[in-house]
Amino acid sequence: QLQLEESGGGLVQPGGSVRLSCAAAGIALDAYAVGWFRQAPGKEREGVSCMGSTGASTHSADSVKGRFTISRDNGKVDLEMNSLKPEATAVHSCAVGSIWIVPSTCNPPAYAYWGQGTQVTVSS
């Protein structure tokens, strides 16, 4: 079973940038559908940016398009977040689906494995 760990969260100034990273111990994530999600207290989990197993297809929430980028890097999955706004304050989780999910999706049921999340706080 995939054991996912996120890193890179912390306190960020509004308008700042941060890079989150997700890794599975001993397993490269290059062949899997992957996604980043966020959940603030009292709110529903929201898909942020996701990528299909081949990497040819990506999907991002309208609220982050042009500012956030999901990518693979040496078997890990990164989320580059730029121009951060206070509403991005949330626990950000990495999720992994199967190798057969070719198109991208940010539908949570498509993802079988989830990390514990990393907190991102956008505040002055």
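## A starting pair: Val-18 and Met-81

Let's start with one pairing: Val-18 has Met-81 in β8 as its bridge partner. This is a predicted model, and that pair is a handy way into it. The strands involved, β3 and β8, run antiparallel and are joined by five bridges.

Strand β3 covers residues 18–24, and five of its seven residues are buried, so the rest of the structure largely encloses this strand. β3 also pairs with strand β1 (residues 4–7), again antiparallel, this time through four bridges. One contact point to look for there is Leu-4, whose bridge partner in β3 is Ala-24. So far, then, β3 has turned up with two partners: β1 and β8.

## The whole chain

Zooming out, the protein has 11 strands and zero helices. Read from the N terminus, the elements are simply β-β-β-β-β-β-β-β-β-β-β. The radius of gyration is 13 Å, close to the 14 Å that the globule rule gives for 124 residues, so the protein is as compact as a globular protein of that length. Along the principal axes, the C-alpha atoms fill a box of roughly 40 × 30 × 25 Å.

Of the 124 residues, 44% are buried. Take the contacts between residues at least 6 apart in sequence: 61% of them join residues at least 24 apart. As for the outside, the accessible surface comes to about 6,300 Å², and carbon and sulfur atoms account for 48% of that. The protein carries 9 positive and 10 negative charges, and the mean positions of the two sets are 4 Å apart.

## The β7–β8 hairpin

Back to β8, this time from its other pairing. Strand β7 (residues 68–73) and strand β8 (residues 76–81) pair in the antiparallel sense over six bridges. Within that ladder, Thr-69 has Glu-80 in β8 as its bridge partner. The two strands make a hairpin with two residues between them.

Asn-74 is the residue to click on here. It lies in the loop between β7 and β8, and its phi is positive, about 55°, although it is not a glycine. Most residues other than glycine have a negative phi. Asn-74 is also exposed, at a relative accessible area of 73%.

## Another positive phi, just past β8

Ser-83 sits in the loop between β8 and β9 (90–96). Like Asn-74, this serine isn't a glycine, yet Ser-83 has a positive phi, about 50°. Is Ser-83 buried, exposed or partly exposed? With a relative accessibility of 39%, Ser-83 counts as partly exposed, since that class lies between the 20% and 50% cut-offs.

## Leu-11 and the C-terminal end

One more residue is worth a look. Leu-11 belongs to strand β2 (residues 10–12), and at 65% relative accessibility it counts as exposed.

What does Leu-11 touch, leaving aside its neighbours within four places in sequence? The answer is Thr-121 and Ser-123. Ser-124 makes a good distance check too: Leu-11 and Ser-124 are 113 residues apart in sequence, but their C-alpha atoms are 9.0 Å apart in space.

Conventions. Residues are numbered from 1 along each chain as its sequence is written. This is a predicted model: local features need pLDDT of at least 70, side-chain atom pairs count only at pLDDT 80 or more; totals for chains, interfaces and linings use all residues. Side-chain values use heavy atoms; hydrogens and water are left out. The radius of gyration is taken over C-alpha atoms; the globule rule is 2.2 Å times the number of residues to the power 0.38. Buried means under 20% relative accessible area, exposed over 50%, partly exposed in between (1.4 Å probe, protein chains only). Contact means heavy atoms within 4.5 Å. Accessible areas come from the Shrake-Rupley method with a 1.4 Å probe; for residues, only the protein chains shown count as cover. Lys and Arg count as positive and Asp and Glu as negative; His and the chain ends are not counted. The place of a charge is taken as NZ of Lys, CZ of Arg, CG of Asp or CD of Glu. Two strands pair if DSSP finds at least two bridges between them.
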